[in-house]
Amino acid sequence: MNQKSALLPLVAIVGPTASGKSVLGVQLAEQFGGEVVACDSTQLYRGFDIGTAKPNLSERRGIPHHLIDVLGPKEEATAGGYRQMALPLLDELRRRAQLPIFTVGTGLYLRVLLEGLADVPQRSEDLRVRLRASAKDHAPGYLHRLLKRLDAAATRRIAPGDEQKLIRAIEVCLLARKPISEAYRAGRVPLEGWRVLKVGLQPPRENLYGRIQARTAFMLEQGWLGEVQSLLAAGLDENAKPFDFIGYRELCTVLEKKITLDAASAAIQQATRRYAKRQLTWFRKEPGVRWFPGFGDDPSLQSEVVGWLREEGLDTTRGAGMRSV
RNA sequence: GGCGCGGUCGCCAAGUGGUAAGGCAAUGGUCUGCAAAACCAUUAUCGGCGGUUCGAUUCCGCCUCGCGCCU
């Protein structure tokens with residue numbers, strides 16, 4: 001990293017879905033002269049707008065938003081891929097003296113951005129297909145035993161039933177021709193040159209669940225079902241990755257007349273609650289977060305956040321609060 | 001009013017005279033390239049009262065609630 005460049009501030013807003021990260025992000029961008037960077041595995045995809053809660057143009061209030069709509073439905077979002085897109089973007093924002101404000105729904109992506117990734121091969125769909133096939137041909141526990149032969153240390157950290165993680169570990173061992181735990185020991189290259197300020201939104205659980213209910217209804221009013229219909233009408237494969245996002249599968253089922261819209265709505269709310277719960281579990285362990293107990297669209301919470309960021313040395317007097325700290 | 005069937009965790013649902021499967025949900029957690037994913041853990045004393053019994057959720061009686069049928 002360039003040692004001569006000053007340490008610049010970077011804001012990351014973490015919190016569960018529907019906690020108001022996007023609204024707060026725009027607010028902070030206006031106050032401190034910044035731009036919003038989505039850190040969300042689903043907002044990456046073009047065409048999947050309503051269900052992924054992308055802020056629309058008027059909600060963006062003229063603030064540039066990045067890393068939204070950058071993938072087509074057939075492309076694969078990955079944590080490493082996200083980092084590769086985010087790093088040059090950060091360079092650009094640094095050059096333009098804009099405060100980067102990440103709205104983080106996908107905790108893994110933020111961690112990978114900040115801490116880096118071990119130098120190991122990417123996923124290989126071919127190899128995965130073969131591994132899954134031979135797992136079917138063998139007795140249960142095959143993948144677990146296979147990994148144990150390749151890397152006993154790694155096996156201890158993965159549950160025998162977690163096929164997804166077993167396959168990834170096996171894949172890395174085979175492709176890298178060395179144990180994955182050895183590759184991990186070599187360390188990773190963290191993000192440098194930025195001082196990361198993490199703002200955590202933590203509204204009371206019951207209120208959050210209420211928001212989820214209201215937002216689901218609102219999304220449906222906004223024409224979510226129609227969005228799904230036109231995606232399918234445009235010829236998109238229903239098996240494309242983004243259709244796995246919360247709600248899209250359910251709404252496909254509604255279009256097939258297999259369930260009612262009300263049933264879909266209930267299922268969507270439930271899936272969203274569970275997702276929020278997992279996010280909270282993840283973020284609770286995120287180091288260095290300054291937590292605020294409420295929603296990002298609450299003006300009093302917003303001013304608390306602004307106050308905290310000022311204390312941390314951010315500058316609101318100019319558009320670009322890019323004073324070195 | 002009578003007859004029949006049935007009341008097992010928030011929901012669905014097995015089951016046995018010796019102290020209650022499973023699924024879903026919920027909650028907690030794990031996670032270095034599918035993460036809005038995947039996985040792991042935890043959660044009941046069987047409608048109420050009494051009887052029989054060494055021991056009943058399981059057998060008997062009464063009560064209660066639900067469903068169906070009949071008059």
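**Close-up views of a predicted model**

**View 1. Glu-206, Ala-214 and Glu-221 are the exposed residues on the other side of helix H10.** Keep in mind that this is a predicted model. What sits on the buried side of H10? Here you'll find Leu-208, Arg-211, Ile-212, Thr-216, Met-219 and Leu-220. Looking down the axis of H10, these buried residues fit within an arc of 165°, so they line one face of the helix. A handy rule: an α-helix has 3.6 residues a turn, so residues three or four places apart point the same way. The buried residues of H10 pack against two helices, H11 (224-233) and H13 (261-284).

**View 2. Here is H10 from end to end, along with the residue that follows.** H10 covers residues 205-221, which makes 17 residues, and at 1.5 Å a residue it should span 24 Å. The C-alpha atoms at its ends are indeed 24 Å apart, so the two values agree. After H10 comes Gly-223, which has a positive phi, near 100°.

**View 3. Helix H6 (residues 142-150) has Leu-143, Leu-146 and Leu-147 buried.** Seen down the axis of H6, the buried residues stay within an arc of 95°, so they line one face of this helix. Which helices do they pack against? Their partners are H5 (125-137), H7 (152-156) and H8.

**View 4. Next up is helix H8, which has 14 residues.** From its first C-alpha to its last, H8 reaches 20 Å, close to the 20 Å expected at 1.5 Å a residue. Its buried residues are Leu-166, Ile-167, Ala-169, Ile-170, Glu-171, Val-172 and Cys-173. The cover over them includes H5, H6, H7 and helix H9 (180-185). Following H8 is Arg-177, with a positive phi near 60°.

**View 5. This one shows the surface near RNA strand B, with 43 residues around the strand.** Coming nearest are Thr-42, Gly-80, Ala-118, Ala-159 and Gly-161. Helices H3 (79-95), H8 (163-176) and H13 each give two or more residues to this surface, and H13 supplies the largest share, 10 residues. Sorted by class, the surface has 15 nonpolar, 15 polar and 13 charged residues.

**View 6. The largest nonpolar core holds 51 residues.** Val-11, Ala-12, Ile-13, Val-37, Ile-101, Phe-102 and Leu-110 touch the most other members. Take Ile-13: skipping its neighbours within four places in sequence, its contacts are Lys-21, Leu-24, Gly-25, Ile-101, Phe-102, Thr-103, Val-104, Val-199 and Leu-201. Another core, of 12 residues, lies apart from this one, and its members include Leu-146, Leu-147, Leu-166 and Cys-173.

**View 7. Finally, meet Thr-281 in helix H13 and Tyr-184 in helix H9.** Is Thr-281 buried or exposed? Just 11 other C-beta atoms lie within 10 Å of Thr-281, and the cut-off for exposed is 12 or fewer, so Thr-281 is exposed. Tyr-184 has 16 other C-beta atoms within 10 Å, so Tyr-184 counts as partly exposed. Along the chain, Thr-281 and Pro-16 are 265 residues apart, yet their C-alpha atoms are separated by 9.5 Å. Tyr-184 and Ala-159 are 25 residues apart in sequence, and 18 Å lies between their C-alpha atoms.

Definitions and conventions. Residues are numbered from 1 along each chain as its sequence is written. Chains are lettered from A and ligands numbered from 1 in the order in which they are written. This is a predicted model: local features need pLDDT of at least 70, side-chain atom pairs count only at pLDDT 80 or more; totals for chains, interfaces and linings use all residues. Helices (H or I, at least four residues) and strands (E, at least two) are DSSP runs, numbered from the N terminus. The expected span of a helix is 1.5 Å times one less than its number of residues. A residue is buried if 20 or more other C-beta atoms lie within 10 Å of its own, exposed if 12 or fewer, and partly exposed in between; C-beta atoms are placed from the backbone. The arc is that of the directions from the helix axis to the C-beta atoms. Two residues are in contact if their C-beta atoms, placed from the backbone, lie within 7 Å. A residue is near a molecule or strand if its C-beta atom, placed from the backbone, lies within 6 Å of it. Ala, Val, Leu, Ile, Met, Phe, Trp, Tyr, Cys and Pro count as nonpolar, Asp, Glu, Lys and Arg as charged, and the others, Gly among them, as polar. A nonpolar core is a set of buried Ala, Val, Leu, Ile, Met, Phe, Trp, Tyr and Cys residues joined through C-beta atoms within 7 Å.
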